[in-house]
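Reader: I have the coordinates open and want the reasoning behind the labels. Can you take me through it?

Author: Sure, here is the structure.

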Amino acid sequence: VNAAFLERQGRHAEAERRRRSALEDAKKHVEILSSTLSPGNESQFVRNAVRIVASTKVSLADNLATQGKYGEAELYARSGLEERLAMFGINTADVSYALAVVGWTRFQQGDIATAEKYYRYALASLLGSGVAPHSTQLAGRRAALGNAMVAQGRWQDAIQVFEERDKGLRTDAEQFKRFGSGQVGWV
């Protein structure tokens, strides 16, 4: 949680240290649980601890990509994605976020075509999970895809994605009042 606050303040290096510490703690927790719980009682607890490791890897990858540490970012993003896929179905918010972070690592490296591919997978994953049309996560996936299209100069394709994003956000009037639909890429 502290790392997320630091990232929102633009203090990514400090947040990175917190995320690395959280990852080490999460790995230790898996080891402790695996070695101390009696057979038959460990599955739920160990599975949750492994989920936290995967989530922490993806969050660390997001941070590293933002800082330009691309190789390490992609390593953690792909590892977290693999672990999430092993635990969840493809059509889940967890897998969608991991796919989006792999896309972000590629986007930051200037590989926009591959980023777009992962953003499409992330969007399909989240849509397949059955999220509401006004989901802010869904809006985020569409914005990332639209921005990738903007970066490629595919204006009409991007406009369609941003319009779909806007249409979805408008399905909840109260939320729309707070969240709106503004997106720099759409401009």
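Reader: What makes Ser 135 a cap of the N-terminal end of H7?

Author: This is a predicted model, by the way. A side-chain oxygen of Ser 135 lies 3.2 Å from the backbone nitrogen of Gln 137. A polar contact needs a pair of N or O atoms within 3.5 Å, so this pair makes the cut.

Reader: And how do you know that the length of H7 fits a helix?

Author: Its 16 residues reach 22 Å from the first C-alpha to the last, close to the 22 Å expected at 1.5 Å a residue. After H7 comes Gly 153, with a positive phi near 75 degrees.

Reader: Why are Leu 138 and Met 149 of H7 called buried?

Author: Buried means under 20% relative accessible area, so that is where both of them fall. They have company in H7, including Ala 139, Arg 141, Arg 142 and Leu 145. The buried residues of H7 pack against H5, helix H6 (112-128), helix H8 (155-169) and helix H9 (173-179).

Reader: What does H7 give to the lining of the largest pocket?

Author: Eight residues, the most of any element. That pocket has a volume of about 800 Å³. Of its 26 lining residues, the closest to the centre are Asp 62, Tyr 97, Val 101, Trp 104 and Arg 141. H1, H2, H3, H5 and H7 are the elements giving two or more residues to the lining.

Reader: How do the residues of that lining divide by class?

Author: Into 11 nonpolar, nine polar and six charged.

Reader: What about the second largest pocket: which residues make Arg 18 and Arg 19 part of a lining?

Author: Lining residues have an atom within 4 Å of a pocket point, so Arg 18 and Arg 19 qualify that way, as do Ser 55, Thr 56 and Ser 59, among others. The volume here is about 240 Å³. H2 supplies the largest share of this lining, four residues. By class there are four nonpolar, five polar and two charged residues.

Reader: How do you know that the span of H2 agrees with its residue count?

Author: At 1.5 Å a residue, its 25 residues should span 36 Å, and the end C-alpha atoms are 36 Å apart, so the two agree. Arg 19 is buried in H2, along with residues including Leu 23, Ala 26 and Val 30. The partners that the buried residues of H2 pack against are H1, H3 and H4.

Reader: Why does the span of H3 pass too?

Author: Because its 24 residues should span 34 Å, and the end C-alpha atoms are 35 Å apart, which agrees. Gly 68 follows H3, and its phi is positive, near 85 degrees.

Technical notes:
Residues are numbered from 1 along each chain as its sequence is written. This is a predicted model: local features need pLDDT of at least 70, side-chain atom pairs count only at pLDDT 80 or more; totals for chains, interfaces and linings use all residues. Side-chain values use heavy atoms; hydrogens and water are left out. The expected span of a helix is 1.5 Å times one less than its number of residues. Buried means under 20% relative accessible area, exposed over 50%, partly exposed in between (1.4 Å probe, protein chains only). Contact means heavy atoms within 4.5 Å. On a 1 Å grid over the protein atoms alone, a cavity is a set of points where a 1.4 Å probe fits but cannot get out, and a pocket is an open set with protein on both sides within 12 Å along at least five of seven lines; lining residues have an atom within 4 Å of a point. Grid points are joined across faces, edges and corners, and a volume is the space filled by probe spheres set on the points. Ala, Val, Leu, Ile, Met, Phe, Trp, Tyr, Cys and Pro count as nonpolar, Asp, Glu, Lys and Arg as charged, and the others, Gly among them, as polar. A polar contact is a pair of N or O atoms within 3.5 Å; within protein, one must be able to donate a hydrogen and the other to accept it, and residues adjacent in sequence count only if both atoms are side-chain atoms.
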